[in-house]
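Trainee: I'd like a close look at just one part of this model. Please pick a piece and show me how the rest is arranged around that part.

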Amino acid sequence: MEDCVFCKIRMGEIPSTILYKDNDFMIIKDINPQAKVHLIAIPYSHVPYIDMMTEEGTTLLGKILGKISHMQQDLGLTNGYRIVINQGEDAGQTVNHVHIHILGGEKLPE
């Protein structure tokens with residue numbers, strides 16, 4: 001956890017553009033956007049992979065998805081968006097802390 005970039009962002013050790021935060025998670029702008037709008041939803045609890053999450057953790061993922069849905073206009077996702085969770089090295093996960101990529105703001109490739 002000490003070298004986890006998302007934990008450092010949460011603790012304020014690394015600056016980030018925070019668009020939403022509550023007691024359980026935050027939504028930030030990705031520093032290397034792959035779409036016009038590229039955000040990351042980060043649960044505060046440090047869990048490397050979904051299969052390591054408790055029932056509370058998976059419930060939190062549902063809460064995050066609900067919040068994204070309710071905030072889509074405010075987040076610039078008016079015409080739809082893509083949700084991506086990379087799990088493991090082969091899938092392209094570069095930070096071993098469960099997080100959700102939110103992409104939109106333009107027509108995305110299929």
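**The helix and its sheet**

Mentor: Let's take helix H2, residues 55-71, which lies across S1, strand S2 (25-29), S3, S4 and S5 and runs at about 50 degrees to S2. Before going on, note that this is a predicted model, where local features need pLDDT of at least 70 and side-chain atom pairs count only at pLDDT 80 or more, while totals for chains, interfaces and linings use all residues. Residues are numbered from 1 along each chain as its sequence is written, and side-chain values use heavy atoms, with hydrogens and water left out.

Some terms, quickly. Helices (H or I, at least four residues) and strands (E, at least two) are DSSP runs, numbered from the N terminus. Axes are lines fitted to C-alpha atoms, for helices over the stretch in contact, with angles going from 0 to 180 degrees between N-to-C directions; contact means heavy atoms within 4.5 Å.

Does the length of H2 add up or not? At 1.5 Å a residue, its 17 residues should span 24 Å (the expected span is 1.5 Å times one less than the number of residues), and the end C-alpha atoms are 25 Å apart, which agrees.

Now the side facing in. The buried residues of H2 (buried is under 20% relative accessible area, exposed over 50%, partly exposed in between, with a 1.4 Å probe and protein chains only) are Gly 57, Leu 60, Leu 61, Ile 64, Ile 68 and Met 71. Looking down the axis of H2, they fall within an arc of 105 degrees, so they line one face of the helix; that arc is taken from the directions from the helix axis to the C-beta atoms. S1, S2, S3, S4 and S5 are among what covers these buried residues. On the face turned away from the buried side, H2 carries the exposed residues Glu 55, Thr 59 and His 70.

What's that sheet like? An open one of 5 strands, in the order S1-S2-S3-S5-S4, with antiparallel pairing. Strand S1 (18-21) and strand S4 (81-84) are the edges, each pairing on one side only, and the twist averages 20 degrees from one strand to the next. Two strands pair if DSSP finds at least two bridges between them.

Start at the S1 edge. S1 and S2 form a hairpin with 3 residues between them, paired antiparallel over 3 bridges, with Ile 18 opposite Ile 28 in S2. In the loop between these strands sits Asn 23, exposed with a relative accessible area of 72%. S2 itself has 4 of its 5 residues buried, so it is largely enclosed by the rest of the structure. S2 and S3 pair antiparallel over 5 bridges, and the bridge partner of Phe 25 in S3 is Pro 43. At the other edge, S4 and strand S5 (residues 100-104) are antiparallel over 4 bridges, with Arg 82 bridged to Leu 103 in S5.

One last stop is His 38, in strand S3 (residues 37-43). At 7% relative accessibility, His 38 counts as buried. Its side chain makes a polar contact with the side chain of His 101 at 2.8 Å (a pair of N or O atoms within 3.5 Å; within protein, one must be able to donate a hydrogen and the other to accept it, and residues adjacent in sequence count only if both atoms are side-chain atoms). The side chain of His 38 also reaches the backbone nitrogen of Gln 34 at 2.9 Å.
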